Amino acid sequence: MIDVKYLGHSCFQITAGAVRILTDPFLTGNPYAAVTADKVDANYILVSHGHSDHVGDTESIAKRTGATIIGSIDLTGALFKNLNTLPCNIGGRVSLPFGAIKLTPAIHGSGVPGALASGFILSIRDEESAGIVKKIYFAGDTALTKDMELLAEEHLDLAMLPIGDVFTMGAADAARAAKMIGAAMTIPMHYHTFPFIDQDPKLFCNLCQRNSIPVTALDPGDSITV
Ligand code: NI
Ligand code: MN
C-alpha cells in the first residue's frame with residue numbers, strides 16, 4: 001500500500017515502504033499546514049514551478065534530509081544550485097529506485113525565466129502488493145487543457161488537481177479535467193489557503209460525482225491509501 005498524506009495547499013507526502021516523496025512543500029507561511037517544515041521527512045521533493053507557494057520549504061528540507069529535488073532542469077538549476085537535483089525536463093521519464101517519474105506539461109507561469117511549469121506522473125512499485133506499479137498524477141498549478149485526455153491512457157490510480165480558481169483551474173474546469181483523466185481516485189488541492197482561492201471543495205466533489213468520478217477532499221493531516 002502507498003500512503004498519501006495531505007499536508008495542505010499542494011503539499012502531499014507519499015510514503016511507499018522506506019521511500020518518502022514530498023510535493024511542493026509550502027509549509028512555513030501556510031496557515032493550514034499539517035506539519036512544520038522541520039518535522040517532515042523526504043527522500044525526494046517534487047517542485048512543479050518556482051512560485052513561492054510551491055517552492056516553499058524545499059531548500060531547508062533538502063538540506064536537512066539530503067533529499068533529491070526533482071523539477072525541470074531550468075527551475076532546479078536556477079533555484080537549488082548547491083543541493084541534490086535530478087536533471088530532467090517536460091516529456092521526459094527518469095527511472096528511480098522506487099519506479100519512475102515523468103514531467104508533464106502544465107499551463108502556468110513558472111516564476112523562473114526560461115523554466116516551464118510542470119506536473120508529474122509518478123510510477124511507484126508497491127512492494128507490499130507484489131510489486132504492482134501504482135501511478136499517481138500530480139498536476140501542479142495548471143489551466144484545463146485538452147491534452148489531459150492523454151492521461152486517461154496512463155490508467156492512473158490517483159490524480160491530484162488544483163481547484164482554487166483565479167491562478168489555476170477552478171472547480172468546473174477541474175471537474176472537466178478529472179472526467180478526461182478518469183483516475184481511480186481524484187483529490188482536489190490548491191484551495192482555501194489564501195482568500196483569493198478560498199473555495200469550498202464540495203462544489204468540485206459534487207461535479208465529479210455527477211460524472212461518476214471517484215473523488216475525496218482531504219483535510220490537511222488526512223491520508224488515503226492507493
Ligand atoms: Ni503558481
Ligand atoms: Mn500556486
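Are His54 and His190 buried or exposed? I began there, and I find that both His54 and His190 are buried. I keep in mind that this is a predicted model.

**Entry: the manganese site**

I looked up what holds the manganese ion (ligand 2). Its donors are Asp53 (OD), His54 (NE2), Asp141 (OD) and His190 (NE2), at 2.1 to 2.3 Å. Along the chain I read their spacing as D-H-x86-D-x48-H. His54 and His190 join distant parts of the chain, being 136 residues apart. I place His54 in helix α1 (residues 52-55). I place His190 in the loop between β12 (186-189) and α5 (201-210).

**Entry: the nickel site**

Next I turned to the nickel ion (ligand 1). I list His49 (NE2), His51 (ND1), His108 (NE2) and Asp141 (OD) as coordinating this ion, at 2.2 to 2.3 Å. The donor spacing here is H-x1-H-x56-H-x32-D. I checked the angles among the 4 donor atoms and found 88 to 178 degrees. I therefore log the nickel site as irregular, since four donors count as tetrahedral if all angles lie between 85 and 135 degrees, and as square planar only if opposite donors are over 155 degrees apart and all others between 65 and 115.

I then compared two of the nickel donors for exposure. His49 has a relative accessible area of 0%, so I note this residue as buried. His51 stands at 27% relative accessibility, so I note His51 as partly exposed.

**Entry: the bridge**

Which residue bridges the nickel ion (ligand 1) and the manganese ion (ligand 2)? I find Asp141 in that role. The two ions lie 3.1 Å apart.

**Entry: a nonpolar patch**

I moved on to the surface. Val166, Phe167 and Phe196 make a nonpolar patch of about 340 Å². I located Phe196 in the loop between β12 and α5. His190 is also placed in the loop between these elements. Phe196 has 60% relative accessibility, so I enter this residue as exposed. His190, by contrast, I had entered as buried.

**Entry: Lys5**

Last, I looked up Lys5. I find this residue in strand β1 (residues 3-8). Its relative accessible area is 28%, so I mark Lys5 as partly exposed. What does Lys5 contact, leaving aside its neighbours within four places in sequence? I list Cys11, Phe12, Gln13, Gly221, Asp222 and Ser223. I also took the C-alpha to C-alpha distance from Lys5 to Ala18. They are 15 Å apart in space and 13 residues apart in sequence.

Definitions and conventions. Residues are numbered from 1 along each chain as its sequence is written. Chains are lettered from A and ligands numbered from 1 in the order in which they are written. This is a predicted model: local features need pLDDT of at least 70, side-chain atom pairs count only at pLDDT 80 or more; totals for chains, interfaces and linings use all residues. Side-chain values use heavy atoms; hydrogens and water are left out. Donors are N, O and S atoms within 2.8 Å of the metal (3.2 Å for Na, K and Ca); water is not among the atoms, so sites may look incomplete. Four donors count as tetrahedral if all angles lie between 85 and 135 degrees; four count as square planar and six as octahedral if opposite donors are over 155 degrees apart and all others between 65 and 115; anything else is irregular. Buried means under 20% relative accessible area, exposed over 50%, partly exposed in between (1.4 Å probe, protein chains only). Helices (H or I, at least four residues) and strands (E, at least two) are DSSP runs, numbered from the N terminus. Patches are made of residues with over 30% relative accessible area and no salt bridge: like charges are joined within 9 Å, nonpolar side chains (Val, Leu, Ile, Met, Phe, Trp, Tyr) within 5 Å. Accessible areas come from the Shrake-Rupley method with a 1.4 Å probe; for residues, only the protein chains shown count as cover. A salt bridge is a side-chain nitrogen of Lys or Arg within 4 Å of a carboxyl oxygen of Asp or Glu. Contact means heavy atoms within 4.5 Å.
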